[in-house]
2 protein chains.
Amino acid sequence: MGIAERVTSGDIRAVARLIRDIDDKVPGAREVLKDLYPSTGRAYVVGITGAPGVGKSTLVDQMVTHLRKAGKTVGVLAVDPTSPFSGGAILGDRVRMQRHSMDEGVFIRSMATRGYFGGLTQSTRSAIDVLDAMGKDYVIVETVGVGQDEVDIVQSAHTTIIMLIPGMGDDIQALKAGILEVGDIFVINKADREGADRTVSDIRLMIEMDEKRYRNGWKPPILTAQAVSDIGIEEILDEIEKHHKYLTSSPRRQSRVMYEKARNDLVEMIKDRIVHEVLEDIIHSGEFEEVLQLIVERKIDPYTACDTIVSTRLRSGSK
Amino acid sequence: MGIAERVTSGDIRAVARLIRDIDDKVPGAREVLKDLYPSTGRAYVVGITGAPGVGKSTLVDQMVTHLRKAGKTVGVLAVDPTSPFSGGAILGDRVRMQRHSMDEGVFIRSMATRGYFGGLTQSTRSAIDVLDAMGKDYVIVETVGVGQDEVDIVQSAHTTIIMLIPGMGDDIQALKAGILEVGDIFVINKADREGADRTVSDIRLMIEMDEKRYRNGWKPPILTAQAVSDIGIEEILDEIEKHHKYLTSSPRRQSRVMYEKARNDLVEMIKDRIVHEVLEDIIHSGEFEEVLQLIVERKIDPYTACDTIVSTRLRSGSK
């Protein structure tokens, strides 16, 4: 049986191997992804993002439990260095996560590789495709919520949840700078802490100031939760389902959403491919080291050096 | 007088205009950077990074005051959405910053643009060159410290300061995942808060576990500060000076540092250029929209689509 077939039949070892190959950019992995593509497009993808310490992993853990009780299968991708899923967090958290490790209906994987060539966004998108093709009903992607990479990653999701905790004044400021607009649902976790009401009203004000959202037709709900005590999880799952229905209720909206998602995915994929192919080729060329030496000796400026190196790599028509 | 000459003679309006053009990727800006290059290489570049709310801008503000008192000129680049320098933070902070706005020895600029093409790292590097060529003794780059972009940016610095505040357990975990290794100096700000000693010992333990640092010869000091009350600033400036001396004390070390920096800079510049040129060309082509439509209709998979589009853009030799 080929790897693609093994993946679609739910073979966990084949899936794990393929995701690792994607992360490592093993050339054959790409061919498998092509074969898998017809089997994708069925999973519902939920992105969860927020600063370190807001409780993303705890929420994901509870969501997995609730979804499993409802008979759904779940894939989890952790692209968060602080996540117990990705092995980054304190031991207690990591042990807690293992309660799902014996459940065949759950597949958890961390996306960790970051090198010269970047590509974390792209490999995460491909890993979503794999879990989708594997037959998971839900794929949950967890990322730490600062930086453009995280915004790019959560844009692969159908529904994006932004998590905060009470008293994060500065972080709300950070949200403003880019990630607010990608939030479909806001969750204030650790809502028993002082200042929860204030955080809810701050977020509400920010959403109301963002007029575009109203024209869009979906006003992001703001929920409170105490994930560690299993409080508020059903409400979050209900809102995800409502957002899902909203996206699919009108054929026109659905096709626009699909088009936007396909466009983002294709741009990211092209970007990743160009950088990977061309840059790797350049760095391993003798020309690169020669030019670098000239820069260090200040015999050439890096801008001119860059122009020279790049121009020989691109077809003249694409200048 | 040409723009390059106006910049090197310290013309603030020419500098501001050039940095804006760099951010906007105006083609002519690149030619000016080439002309400026011989005037660069003199400024000492300090990177400051840390999570939102640790007090980066307050520290930068105090450092500027101290450096000015010592007769040094300073350029500040804020690439942090939460920074008052970049206009992201609460009003009080922003007003506080303005005390330097009438001082000709200080030039403050935010780097804010982030689009499809990325490039924030590259435009920040170029802006450092501009402030360097302008004749600033110090260039301080402030970034919010999570994500690969920030790591890339602070690698342009000669000395990188990682800021934390007491009680950031989760954030220390996050640091482990990548940014710890780029820290030359650690500053625990708001050190009057409970848990400062614990944070200091946590960081010390992490540094001591990182053996590579010892072989390297520079063991990062861990300082405490209360930037808002102007406590600990001189000690930080002293350690920056010590690190500077360390870098330049041996010719071999100095040339290795220069080589590493030139290499990182060139790789980033090439990456940025490739993505910008090729991706822009692709997105504006009719082929892109055609292929996108085929993906949405699921008549072609995005991986094959990407291969097709990219292969026509690259010279056959660079496959």
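**Note on the predicted model: strands of chain B and helix contacts between chains**

1. In strand 4 of chain B, B:Glu142 is the bridge partner of B:Ile48. This is a predicted model. B:Ile48 also has a partner in strand 5 of chain B, where B:Ile161 stands opposite. Start from this residue when you trace the sheet.

2. Now take the strands behind those two pairs. Strand 1 of chain B pairs with strand 4 of chain B over seven bridges, in the parallel sense. Strand 1 of chain B also pairs with strand 5 of chain B, again parallel, over four bridges. How many of the seven residues of strand 1 of chain B are buried? Six are, so the strand is largely enclosed by the rest of the structure.

3. Next comes the whole sheet. Chain B has an open sheet of seven strands, with parallel pairing. Its strand order is 3-2-4-1-5-6-7. Which strands are at the edges? They are strand 3 (106-110) and strand 7 (222-224) of chain B, and each pairs on one side only. On average, neighbouring strands of this sheet are turned by 20° against each other, with direction ignored.

4. Strand 2 of chain B deserves its own look. This strand covers residues 74-79. Six of its six residues are buried, and the strand is mostly covered. B:Val74, B:Val76 and B:Ala78 point one way. B:Gly75, B:Leu77 and B:Val79 point the other way. Both sets are buried.

5. Follow the partners of strand 2 of chain B. Five bridges join it to strand 3 of chain B, and the two run parallel. B:Val76 has B:Ile108 as its bridge partner in strand 3 of chain B. Strand 2 of chain B is also joined to strand 4 (residues 138-144) of chain B, by six bridges, and these two run parallel as well. Here B:Val76 stands opposite B:Ile140. B:Leu77 stands opposite B:Val141 in strand 4 of chain B.

6. Helices lie on this sheet. Helix 6 (residues 120-133) of chain B lies across strand 1 (44-50), strand 2, strand 3 and strand 4 of chain B. Helix 6 of chain B runs at about 170° to strand 2 of chain B. Helix 9 (residues 196-209) of chain B packs on the sheet too, touching strand 5 (159-164), strand 6 (185-188) and strand 7 of chain B. The direction of helix 9 of chain B makes about 165° with that of strand 7 of chain B.

7. One residue of helix 12 of chain B is worth a stop: B:His276. Is B:His276 buried or partly exposed? B:His276 has 18 other C-beta atoms within 10 Å, so it is partly exposed. Its C-alpha atom is 9.3 Å from that of B:Lys25. Along the chain, these two residues are 251 apart.

8. Helix 12 of chain B also meets chain A. Helix 14 (residues 302-313) of chain A packs with helix 12 (residues 251-283) of chain B at an angle of about 55°. Their axes are 10 Å apart. That angle makes helix 14 of chain A oblique to helix 12 of chain B. The crossing is right-handed. From helix 14 of chain A come A:Pro302, A:Ala305, A:Cys306, A:Ile309 and A:Val310. They meet B:Asp265, B:Leu266, B:Met269, B:Ile270, B:Arg273 and B:Ile274. By class, the residues of this contact are nine nonpolar, no polar and two charged.

9. A further contact uses helix 12 (residues 251-283) of chain A. This helix packs with helix 13 (residues 286-296) of chain B at about 120°, with axes 10 Å apart. The two helices are therefore oblique to each other. Their crossing is right-handed. A:Met258, A:Tyr259, A:Ala262, A:Arg263 and A:Leu266 meet B:Leu292, B:Ile295 and B:Val296. Seven residues of this contact are nonpolar, none is polar and one is charged.

10. Last, some totals for chain A. Chain A has 14 helices and seven strands. Of its 319 residues, 49% count as buried. Take the contacts in chain A between residues at least 6 apart in sequence: 72% of them join residues at least 24 apart.

Notes: Residues numbered from 1 in each chain as written. Chains lettered and ligands numbered in written order. Predicted model: local features only at pLDDT ≥ 70, side-chain atom pairs only at ≥ 80, totals over all residues. Axes fitted to C-alpha atoms, helices over the stretch in contact; angles between N-to-C directions. Parallel < 35°, antiparallel > 145°, perpendicular 65-115°, else oblique. Left-handed = near helix turned anticlockwise from the far one by under 90°. Contact = placed C-beta atoms within 7 Å. Nonpolar A, V, L, I, M, F, W, Y, C, P; charged D, E, K, R; others polar. Pairing = 2+ DSSP bridges. Buried ≥ 20, exposed ≤ 12 C-beta atoms within 10 Å, placed from the backbone.
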